[in-house]
Amino acid sequence: MDASRSDVLILGGGVIGLACAYYLLKSGATVRILEQGTPGCGSSHGNCGTITPSHAAPLAMPGALGVALRSMLRSDAPLYLNPRFDGPRLRWMLGFARHCNWRDFDHAARARAAILNRSRSLLPALIRDEGLDCEFREGGVLYVYRTPQALQGDEKHHAQLLDQLGVEVQRLRGDEVEAMEPALKPGVAGGLFHPGDARLRPDRYVAELARRVLELGGSIETGARIDHVGTRDGSIDFVRTTRGVFRGDRVVMALGAWSPLLGRQLGLHLPMQPGKGYSLTYTRPVHAPRHALVLREAAVCVTTWDSGYRLGSTMEFSGYSEGLNRTRLDALRRGAAQGLHEPEGPQLLEEWWGWRPMSVDEVPIIGPSTRWSNLTLATAHGMLGVSMSAATGELVAGMLGGKGLPIDPTPYAPARFGA
């Protein structure tokens, strides 16, 4: 048997797995990552790259289920629930519905804010000290509204929440937004500006993290699809892959949307569903936005880098269905055209889709398994994997190293699901 042992074996080489590897290596552990594709080839690759303490609020709030159910009639809706019957997805939706109340909304928002703020505070030094070339900019994120109704709704459930959480949000009139961002078409009703947010190019951030993991002595096994996990005496004994068999004294599951599939093999109940997202990447337009934008009515995120330009977002619950949905891509283009003078770049470089790992309560699952003594989970970051990556890596390294933890890990514990 081709066995290779390390202190920590990390399952998954996306942004979360790589961040865990980085912080574990810095703590002195030996680390090996098992990745079925290449580092960051999943949802880490094609998201919009915004770093957003402003995204503390979860989707689940009173009325959200009704929006989701109505979306079944519109395949181009920003939040789309595929009407095809799917038992696991139906169970997830029923669990999601139970969290659509203000008590759970507040709990999730505070848990998300803690890890988002910690990660935001770590990123600038991480990128600077490690020389990560990923076009990191601290320019804030601007939410743009074309109807007073949408602005008023977000003022009530978004801006006031951020006020309570101590996350700065600036209320702007329509003329102030248009003066601040000349790329926008006229007719803006108002805006909410989040000066503490930032942006980076996520595919480059992941590539640079992978580079540093290797330079620090870590190993990354690419093309290593997991076939079987062997257990013994209440712990994980080995992981068999298409690249061989590997062992670790500790195992970290950072498989994103694939986590519940492997979890079933281990008898773990992980109430997660893949939330499918899409993006379009272009060469940079001449009149590209100065800020990262969220065009709220269309739910389109717009990010500009020196090296390119991306339209992204949307949330589609269609289970593990693969491939591009042309209707969703057209909705991105249409939403951008409604708000921007130059909505698309000169050259289309990539049409992308990916599965975001959505937990039923929209709080990440981070911490020791209650079933397997040497397993730690680091998954279910939803749309915020890049934003939460640094703090998740720091938290996992602290847990495995027995060090003091900078934030309270209790809200993220797998024990809340018996996992």
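**Entry 1. Loop residues with positive phi**

I began with Glu 135, which is buried, with a relative accessible area of 9%. For this term I apply the following cut-offs: buried is under 20% relative accessible area, exposed is over 50%, and partly exposed is in between (1.4 Å probe, protein chains only). The model is predicted, so I note that local features need pLDDT of at least 70, side-chain atom pairs count only at pLDDT 80 or more, and totals for chains, interfaces and linings use all residues. Residues are numbered from 1 along each chain as its sequence is written, and side-chain values use heavy atoms, with hydrogens and water left out.

Glu 135 sits in the loop between α5 (102–129) and β5 (141–145). Helices (H or I, at least four residues) and strands (E, at least two) are DSSP runs, numbered from the N terminus. I looked up the backbone of Glu 135 and found a positive phi of about 60°, although the residue is not a glycine. Most residues other than glycine have a negative phi. Glu 362 also has a positive phi, near 60°. I located Glu 362 in the loop between β17 (348–359) and β18 (365–368). Glu 362 counts as buried, at 6% relative accessibility.

**Entry 2. Strand β19 and its partners**

I turned next to β19 (residues 375–379), where 5 of the 5 residues are buried. Both faces of β19 are covered: Leu 375, Leu 377 and Thr 379 are buried on one side, and Thr 376 and Ala 378 on the other.

Which strands pair with β19? Strand β12 (residues 244–253) pairs with β19 in the parallel sense over 3 bridges, and β18 pairs with β19 in the antiparallel sense over 4 bridges. Pairing here requires that DSSP finds at least two bridges between two strands. On the β12 contact, I recorded Val 251 opposite Leu 375 of β19. On the β18 contact, I recorded Gly 367 as the bridge partner of Leu 377 in β19. β18 and β19 form a hairpin, with 6 residues between them.

**Entry 3. Salt bridges**

How many salt bridges does a search of the whole structure find? The search returns 32 salt bridges. The criterion is a side-chain nitrogen of Lys or Arg within 4 Å of a carboxyl oxygen of Asp or Glu. Side chains of opposite charge can pair when their charged atoms come close.

I inspected three of the pairs.

- Arg 201 bridges to Asp 203, with the closest N and O atoms 3.1 Å apart. Arg 201 is buried at 8% relative accessible area, whereas Asp 203 is partly exposed at 22%.
- Glu 208 bridges to Arg 211, with the closest N and O atoms 3.0 Å apart. Both residues lie in helix α8 (residues 202–215), 3 residues apart, which is about one turn of the helix. Glu 208 is buried at 13% relative accessible area, while Arg 211 is partly exposed at 27%.
- Asp 306 and Arg 284 meet through their side chains in a salt bridge (3.8 Å, N to O). Asp 306 lies in the loop between β15 (300–305) and β16 (308–317), and Arg 284 in the loop between β13 (272–282) and β14 (292–295), so the pair ties together parts that are 22 residues apart in sequence. Asp 306 is exposed at 56% relative accessible area, and Arg 284 is partly exposed at 38%.

I also noted one network, in which salt bridges that share partners join Lys 26, Glu 130, Glu 208, Arg 211, Arg 212 and Glu 215.

**Entry 4. Cysteines**

I searched the whole structure for disulfides and obtained 0. A disulfide is taken as a pair of cysteine sulfur atoms within 2.5 Å. Why is Cys 20 not bonded to Cys 41? The sulfur of Cys 20 has its closest cysteine sulfur in Cys 41, and the pair is unbonded because the distance of 17 Å is too far for a bond. Cys 20 is buried at 0% relative accessibility, whereas Cys 41 is partly exposed at 43% relative accessible area.

**Entry 5. Surface patch**

I found a nonpolar patch on the surface, formed by Phe 85, Leu 90 and Leu 94, with about 340 Å² of accessible area together. Patches are made of residues with over 30% relative accessible area and no salt bridge; like charges are joined within 9 Å, and nonpolar side chains (Val, Leu, Ile, Met, Phe, Trp, Tyr) within 5 Å. The areas come from the Shrake-Rupley method with a 1.4 Å probe, and for residues only the protein chains shown count as cover. Phe 85 lies in the loop between β4 (79–81) and α4 (87–98), and is exposed at a relative accessible area of 65%.
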